[in-house]
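Morning, everyone. Please look at the screen, and we will walk through how some helices pack.

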Amino acid sequence: MRREEIIISGFGGQGVLSMGKILAYAGIMQGMEVSWMPAYGPEQRGGTANVTVIIGDEEIASPLVDRFDTAVVLNQPSLDKFEPLVKPGGCIIYDAYAIHTPPARDDVSVYKIDAMEEASRKGNGRLLNMFVLGGLIKARGVVSVDNVVRGLGKVLPQRYHSLIPDNEAAIRRGMEMLTLVER
C-alpha cells in the first residue's frame, strides 16, 4: 500500500493552497484516493497558510493528520512548527530564501530548493510554488509530472490556461533545482 501524508506551509500569497490543490488533482488523475484540507488565518495574504494533502491507493478515513511523511515549508515559522511532526524516515523540503535556521534532524531526508531566488531571477514571483511543486515531485514521486500538468488545467481558470506551459516549465525546472542537503 502506498500512502503519502504531506503538509505544505508558508505565508498566504505564496501559492501554498494552490500547490496542494494541484497535487490533489494530480492524485485523482492517477486514480488514487485523495484528501485536501486547507488551513489559513483570517488575514490570508501575508498570514500563515498550510494545506494537508493525503494521497494513497486505499480509502482515506480521515483528513486529520498529526504526523507527516513530508513537510514542504516556505518560511521559518512553518519549519519551526512542522519539522518535529515529520515521521522518522520522512522528508523535509524547504525554500532557502526564508529559512534562517535549516532543519536539524538527521532521521529524515532534507532537501533545499532556491525557489524564491529562481522566481526573482525569472521576474515572476507567481512561479515560486511551481518550482517547489517540481521539487516535491522529484523527491517523493507521489504523482507524475503529466498528471500535475493536467491538474493545473483543473485548478487554473480557463482564462489562465495560456500560462500552463510556463508553469510546466517551472515544475520541470524545480525538479532540476532540488538538492539533497548532506549532513
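**Helix packing, starting from H5**

The buried residues of H5 pack against three partners: helix H1 (16-29), H4 and helix H6 (164-177). One thing to keep in mind: this is a predicted model.

Let's stay with H5 for a moment. Helix H5 covers residues 145-155. Which of its residues are buried? They are Val145, Asn147, Val148, Val149, Gly151 and Leu152. Some of these numbers are three or four apart, and there is a general reason to look for that. An α-helix has 3.6 residues a turn, so residues three or four places apart point the same way.

Now Asp146, which also lies in H5. Is Asp146 buried or exposed? Asp146 has 53% relative accessibility, and the cut-off for exposed is over 50%. Asp146 therefore counts as exposed. In sequence, Asp146 and Met29 are 117 residues apart. In space, their C-alpha atoms are separated by 9.5 Å.

Next, the helix pairs. Two packed helices are described by the angle between their axes and the distance between the axes. We will use both.

Pair one is H1 with H5. Their axes cross at roughly 120 degrees and come within 8 Å. The crossing is right-handed. From H1, the contact uses Lys21, Ile22, Tyr25, Ala26 and Met29. From H5, it uses Asn147, Val148, Arg150, Gly151, Leu152, Lys154 and Val155. By class, that contact has seven nonpolar, two polar and three charged residues.

Pair two is H1 with H4. Here the angle is about 45 degrees, and the axes are 10 Å apart. How do we name that angle? Under 35 degrees would be roughly parallel, and 65 to 115 roughly perpendicular. An angle of about 45 degrees fits neither, so H1 and H4 are oblique to each other. H1 passes H4 in a right-handed crossing. Ser18, Met19, Ile22 and Leu23 are the H1 side of the contact. They meet Asn129, Met130, Val132, Leu133 and Leu136 in H4. The classes are seven nonpolar, two polar and no charged. Notice Ile22: it is in the H1 contact with H4, and it is in the H1 contact with H5.

Pair three is H3 with H4. Helix H3 is residues 115-122, and helix H4 is residues 128-140. They pack at about 135 degrees, with axes 8 Å apart. That makes H3 oblique to H4. This crossing is right-handed. H3 brings Ala115, Met116, Glu118, Ala119 and Lys122, while H4 brings Leu128, Phe131 and Val132. Count the classes and you get six nonpolar, no polar and two charged.

Let's zoom in on Phe131, in helix H4. At 1% relative accessibility, Phe131 counts as buried. What does Phe131 touch, beyond its neighbours within four places in sequence? Its contacts include Ala115, Glu118, Ala119 and Lys122, and also Ala170, Arg173, Gly174 and Met177. Tyr160 is 29 residues from Phe131 along the chain, and their C-alpha atoms are separated by 18 Å.

One last stop: Ser78, in helix H2, residues 76-82. Ser78 is buried, at a relative accessible area of 3%. Leaving out residues up to four places away in sequence, Ser78 touches Ser9, Gly10, Val73 and Glu83. With Ser9 there is also a side-chain polar contact of 2.7 Å.

That's the tour. Questions are welcome.

Notes:
Residues numbered from 1 in each chain as written. Predicted model: local features only at pLDDT ≥ 70, side-chain atom pairs only at ≥ 80, totals over all residues. Heavy atoms only, no water. Axes fitted to C-alpha atoms, helices over the stretch in contact; angles between N-to-C directions. Helix = DSSP H or I, 4+ residues; strand = E, 2+ residues; numbered from the N terminus. Parallel < 35°, antiparallel > 145°, perpendicular 65-115°, else oblique. Left-handed = near helix turned anticlockwise from the far one by under 90°. Contact = heavy atoms within 4.5 Å. Nonpolar A, V, L, I, M, F, W, Y, C, P; charged D, E, K, R; others polar. Buried < 20%, exposed > 50% of the residue type's maximum accessible area, 1.4 Å probe, protein only. Polar contact = N/O pair within 3.5 Å; in protein donor to acceptor, adjacent residues only side chain to side chain.
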